[in-house]
Structures are given as C-alpha cells and as structure tokens.
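Biologist: I'm new to reading protein models, and I'd like a close look at one part of this one. Could you take me through the second largest pocket and then show me how the elements around it connect to the rest of the chain?

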Amino acid sequence: MLRGVLVTLFIGLPAVIGVAAIGGYILLKRAFRPVREMIEKANEISHSGVHSRLPVRHTGDDLEQLSITLNQMIHRLEKSFENSRRFTSDASHELRTPLTIIRGELEQMLAANNGASEQLKQDISSLLEETDRLIGIVQGLLALSRLDAGEAQRENTRFDLGELAAATTDQMSLLAEEKGVELRCTRNHRVEVKGDGSRLKQVVVNLLDNAIKYTPENGSIALEVRAAKGHAYLEVSDTGIGVPSGDLRRIFDRFYRVDQVRSRAIEGAGLGLSIVWSICSAHGGTVHADNLPGGGCRFTVMLPLAD
Ligand code: ADP
C-alpha cells in the first residue's frame with residue numbers, strides 16, 4: 001500500500017503540478033489577451049493620431065470599464081486637439097484680411113507722401129516690414145493648421161522628385177546669386193515618389209530658403225536627390241553657420257528659433273521647418289538634420305519610392 005502511495009506521489013504529483021501549471025498559463029494568457037489588444041491599439045493610437053478607439057469587450061468587468069473610461073479620455077483629447085487646430089485656423093483667417101489692408105494702406109502712404117520727412121518715410125517702411133513679418137507668420141500658421149487637418153495630400157500623383165528639385169533650384173538660384181552663394185543640384189535618373197507635388201515643392205523651397213539665409217557670402221549649397229533601398233532621399237547641405245548640437249532636435253518644433261540673438265537679424269518666425277516636418281510625415285517620410293564635420297549642416301528628407 002505504502003509503495004502504491006509513493007508511486008502515486010512521485011509520478012502523479014508532478015503530473016498534476018505540470019497539468020496545473022500549463023492550464024494556469026493558458027488561462028492567464030487568455031485572461032490577458034484583451035489587455036494585450038488594448039496595449040497594441042493604444043500604441044497604434046499614439047503613433048497614428050487620436051481618431052481610433054480602444055476595443056471594448058462587453059464582459060461587465062473592470063476591464064470593460066477601463067477601456068470605456070480610456071476611450072472617453074481619448075475622445076476629450078481629440079476634441080481639444082480639434083478645438084486648438086480650429087482656433088489657429090480661424091484666428092489666422094481673420095487676421096489675414098486686416099493685415100493685407102494695413103499693408104496696402106502703408107504702401108499707399110509711402111507712395112503718396114512725397115513731401116513727408118525722411119523720418120516719417122523710414123517709420124512707414126519699418127511698419128511695412130513688421131506687417132510683412134506678421135503676414136508671413138499668419139500664412140505659416142494657416143499652412144500648419146491645414147496640414148494638421150490632414151490636407152497635406154490634396155493630390156496623390158506620381159512624379160519625379162529629382163525633376164521637382166531641379167526646377168525649384170532653378171527658381172531659387174537668383175536668391176542665392178544675390179546673396180553671393182553657389183547653389184547646385186545633382187540627381188539620379190527618375191526618383192519617383194507619390195504625393196502632393198505642390199506640398200513637396202514647399203519642402204524643397206523651405207530647406208533651400210533656410211540654407212541661403214544661414215550661409216554667408218561665398219558659401220555653397222548642394223541639393224542631391226537619389227534613390228536607395230526602396231526610399232527616395234533629398235539632401236540639402238550647406239557651408240553655413242550650422243546648428244548647435246543641442247538644438248538639432250528642437251529646430252522642427254513650432255516657433256523654435258536657435259539662439260534669438262543670432263537669428264534676430266535674419267527674417268523668419270520659426271515655422272518653416274515645422275511645415276517641412278508635417279509635410280514629410282503626411283507622406284510617410286521623415287526629415288532630420290545633422291552638422292557636417294567641415295562646418296555647415298545637412299537636412300535629409302526620406303520618402304517612400306512610388307513602387
Ligand atoms: P526660421 O523662420 O527661423 O528660419 P525655421 O523653422 O525654418 O525657422 O528654422 C528654425 C531654426 O533652425 C532657425 O531659426 C535657424 O536657427 C535654424 N536653421 C534652419 N535651417 C538652418 C540652416 N540651413 N543652417 C543653420 N541653421 C538653420
């Protein structure tokens with residue numbers, strides 16, 4: 001009898017423990033499946049925006065309550081993002097017309113006041129400059145709120161990025177010439193991407209405009225378009241003042257300008273690169289900046305190739 005009990009203990013007990021462990025593991029896995037689904041969905045929401053919701057399993061337990069509460073929170077977040085976007089869009093719309101009127105009137109005053117003192121003319125010119133700056137900021141804000149609303153891809157056509165870059169370089173070469181900076185473009189044959197051509201042209205314009213602004217006389221700017229490993233690359237390198245390494249990540253933030261003192265003399269509001277960033281991410285691409293060893297910096301845009 002004792003031998004029988006021992007045999008049962010030595011063989012039966014590990015078997016029972018093994019079965020209990022496997023059963024427990026399977027049950028735990030099944031019980032945690034809804035939590036895993038929620039985590040996956042939450043990750044997806046944090047990457048793709050707050051338009052979707054967490055899955056709700058109608059089990060009547062705390063997990064159902066948790067997913068409903070989190071969904072209500074995401075809904076409020078979505079509303080508040082939407083409100084702030086609409087506020088920016090409405091405010092910039094409302095500001096655009098009066099600013100354009102002020103600009104027109106100042107221009108008229110400057111043209112009509114032939115007998116005005118030199119001081120008055122200077123004051124009007126400086127008011128005109130400030131009004132132009134404000135108009136630039138309002139246009140930048142309007143562009144950003146449109147991009148936030150998902151208008152980055154009004155068109156979705158296939159085109160050669162190299163051709164677009166070369167044409168934009170041609171158009172901006174006069175600006176570079178005036179500044180005494182050399183501007184050249186090299187490109188691979190047919191680097192085709194899909195998207196909104198006018199928005200992607202804005203990316204090239206903003207990057208070249210910055211490169212011209214921040215490169216002193218006798219410097220040079222090189223724009224290169226190439227295809228590699230399923231991606232299109234657009235690189236703008238310059239021999240300018242570069243970006244301090246601590247600021248490289250922040251320059252894509254809205255209204256961020258590196259060191260107000262160095263930027264004060266140069267026109268701009270700190271919106272150009274955030275527009276570039278928004279357009280690139282809406283096209284499934286990225287943009288990043290780094291400093292070159294010999295001075296100057298390089299901006300690299302990466303976009304998926306059309307096929
Ligand atoms: P801004 O209107 O001030 O040029 P951006 O968003 O285009 O605004 O750029 C943000 C900041 O990044 C600028 O204030 C400037 O200091 C820095 N920056 C951008 N491009 C360059 C560049 N090519 N060389 C050096 N600094 C740059």
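Modeller: Happy to! Helix α2 gives the largest share of the lining of the second largest pocket, with six residues. Please keep in mind that this is a predicted model. In total, 25 residues line the second largest pocket, and those nearest its centre are Gly49, His51, Leu147, Asp148 and Ala149. Four elements each give two or more residues to this lining: α1 (2–48), α2 (62–112), α3 (118–148) and α7 (272–282). By character, the lining residues divide into 11 polar, nine nonpolar and five charged. The volume of this pocket is about 790 Å³. If you wonder how such a space is found, rolling a probe the size of a water molecule over the atoms shows where empty space is left.

Now let's follow one of those lining helices, α7, away from the pocket. Helix α7 lies across strands β6 and β7, and its direction runs at about 135° to that of β6. These two strands, β6 and β7, form a hairpin with five residues between them, and in the turn Gly295 has a positive phi of about 105°. Strands β6 and β7 run antiparallel and are joined by six bridges. You can find two of the facing positions yourself: Asn291 stands opposite Cys297 in β7, and His288 stands opposite Thr300 in β7.

The hairpin leads us to the sheet. Strands of a sheet pair through backbone hydrogen bonds, either parallel or antiparallel. Here five strands form an open sheet in the order β2-β4-β5-β7-β6, with mixed pairing. The edges are β2 (182–187) and β6 (286–291); each has a single partner strand, so one side of each is left without a neighbour in the sheet. From one strand to the next, the twist averages 15°.

On its other side, β7 (residues 297–304) meets β5 (residues 231–238): seven bridges join these antiparallel strands. Within this pair, Val236 stands opposite Phe299 in β7. Helix α5 (residues 197–213) also packs on the sheet, where it touches β2, β4 (220–228), β5 and β7, and its direction makes about 20° with that of β5.

Finally, let's step back to the whole chain. The protein chain has seven helices and seven strands, and from the N terminus on they run α-α-α-β-α-β-β-α-β-β-α-α-β-β. The radius of gyration is 29 Å, well over the 19 Å that the globule rule gives for 307 residues, so the chain is more spread out than a compact globule. Along the principal axes, its C-alpha atoms fill a box of roughly 125 × 45 × 40 Å.

Note on methods:
Residues numbered from 1 in each chain as written. Predicted model: local features only at pLDDT ≥ 70, side-chain atom pairs only at ≥ 80, totals over all residues. Heavy atoms only, no water. 1 Å grid on protein atoms, 1.4 Å probe; cavity = no way out; pocket = protein on both sides within 12 Å on 5 of 7 lines; lining within 4 Å. Points joined across faces, edges and corners; volume = space filled by probe spheres on them. Nonpolar A, V, L, I, M, F, W, Y, C, P; charged D, E, K, R; others polar. Pairing = 2+ DSSP bridges. Axes fitted to C-alpha atoms, helices over the stretch in contact; angles between N-to-C directions. Contact = heavy atoms within 4.5 Å. Rg over C-alpha atoms; globule rule 2.2 N^0.38 Å.
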